[in-house]
Amino acid sequence: MKLSLELTVATGPEWVQTVMADFSAFLQDHADCERKASAMAMSFVAKYPDRVEMIPELIETAVEELGHFQQVYSHMEQRGIRLAREITEDPYIKALLECCHTDSERRFLDRLLLASIIECRGAERFRLVCDAIRDDAELKNFYHQLWTSEAKHGNVFVKMALHYFDQAKVYDRLNELNAAEGKIIQGLSLRAALH
Ligand SMILES: [Fe+2]
Ligand SMILES: [Fe+2]
């Protein structure tokens, strides 16, 4: 059952064109995103050790994201691309985190729901990248696998939220954050990067 919501704003073709025009830079950013996604899942474990019901799935998600990092890095190695030396701040993540409430209970819900939205945006964009790859079947297949995996993660974080909060509260807030995400993504300047 799909628990995550559809994104409010679809990514346009100009983003895919920007990525395909500098795929090396995109891979560098993509590797960082996977590494950060793994760290983010483990940061939930560190911050909420008493929320025992979600810990196994968080560990599983962290392992999968680290696996994605390993796979992206292997594609980079094959192409002679190094990891980015300087990791720039992701303006998308920064703007999303500014939407979070500051009190601990509502912040916990917000962080779970933002994790879902970030995963859904990743899934949408990896699908676009997959569709745009013409000449490399292995790379195309990799992005196909990725978008299905990130869509699954999009669901997992809503499932966790539904475990700790009632359904109306979860979906009211998810709708709000989803609408905010649409505005944020539209306001970003185009880069050969996931966001
Ligand atoms: Fe991932
Ligand atoms: Fe993911």
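These exercises with worked solutions concern a predicted model, and they cover its iron site, one of its helices and its two largest pockets.

**Exercise 1.** Find which residues coordinate the iron ion (ligand 2), and describe how they are spaced in the sequence.

*Solution.* Begin with the donor atoms, which come from E65 (OE), E119 (OE), E119 (OE), E150 (OE) and H153 (ND1), at 1.8 to 2.7 Å. Next, read these donor residues along the chain, where their spacing is E-x53-E-x30-E-x2-H. Then turn to the other metal: the iron ion (ligand 2) and the iron ion (ligand 1) are 3.5 Å apart, and E65 coordinates both. Distant parts of the chain are linked here, since E65 belongs to helix 3 (residues 55-78) and E150 belongs to helix 6, 85 residues apart.

**Exercise 2.** Decide whether E65 and E150 are buried or exposed.

*Solution.* The cut-off needed is that a residue counts as buried under 20% relative accessible area. E65 has a relative accessible area of 1%, and therefore it is buried. E150, at 3% relative accessibility, is likewise counted as buried.

**Exercise 3.** Check whether the length of helix 7 (residues 167-187) agrees with the expected span, and then state what its buried residues pack against.

*Solution.* First, take the 21 residues of helix 7, which at 1.5 Å a residue should span 30 Å; the expected span uses one less than the number of residues. Second, compare this with the end C-alpha atoms of helix 7, which are 30 Å apart, so the two values agree. Third, list the buried residues of helix 7, among them V170, L174, L177 and E181. Finally, look for their partners: the buried residues of helix 7 pack against helix 4, helix 5 and helix 6.

**Exercise 4.** Describe the largest pocket and the second largest pocket by volume, lining and residue class.

*Solution.* The largest pocket holds about 470 Å³ of space, and of the 21 residues that line it, K36, A37, M40, I93 and I118 are the closest to its centre. Helix 2 (23-47), helix 4 (91-97) and helix 5 (104-132) each give two or more residues to this lining, which divides into 12 nonpolar, 2 polar and 7 charged residues.

The second largest pocket has a volume of about 290 Å³, and of its 13 lining residues the closest to the centre are K2, E6, C120, A123 and A151. At least two residues of this lining come from each of helix 5 and helix 6 (137-164), and by class the lining has 6 nonpolar, 2 polar and 5 charged residues.

Conventions
Residues are numbered from 1 along each chain as its sequence is written. Chains are lettered from A and ligands numbered from 1 in the order in which they are written. This is a predicted model: local features need pLDDT of at least 70, side-chain atom pairs count only at pLDDT 80 or more; totals for chains, interfaces and linings use all residues. Side-chain values use heavy atoms; hydrogens and water are left out. On a 1 Å grid over the protein atoms alone, a cavity is a set of points where a 1.4 Å probe fits but cannot get out, and a pocket is an open set with protein on both sides within 12 Å along at least five of seven lines; lining residues have an atom within 4 Å of a point. Grid points are joined across faces, edges and corners, and a volume is the space filled by probe spheres set on the points. Helices (H or I, at least four residues) and strands (E, at least two) are DSSP runs, numbered from the N terminus. Ala, Val, Leu, Ile, Met, Phe, Trp, Tyr, Cys and Pro count as nonpolar, Asp, Glu, Lys and Arg as charged, and the others, Gly among them, as polar. Donors are N, O and S atoms within 2.8 Å of the metal (3.2 Å for Na, K and Ca); water is not among the atoms, so sites may look incomplete. Buried means under 20% relative accessible area, exposed over 50%, partly exposed in between (1.4 Å probe, protein chains only). Contact means heavy atoms within 4.5 Å.
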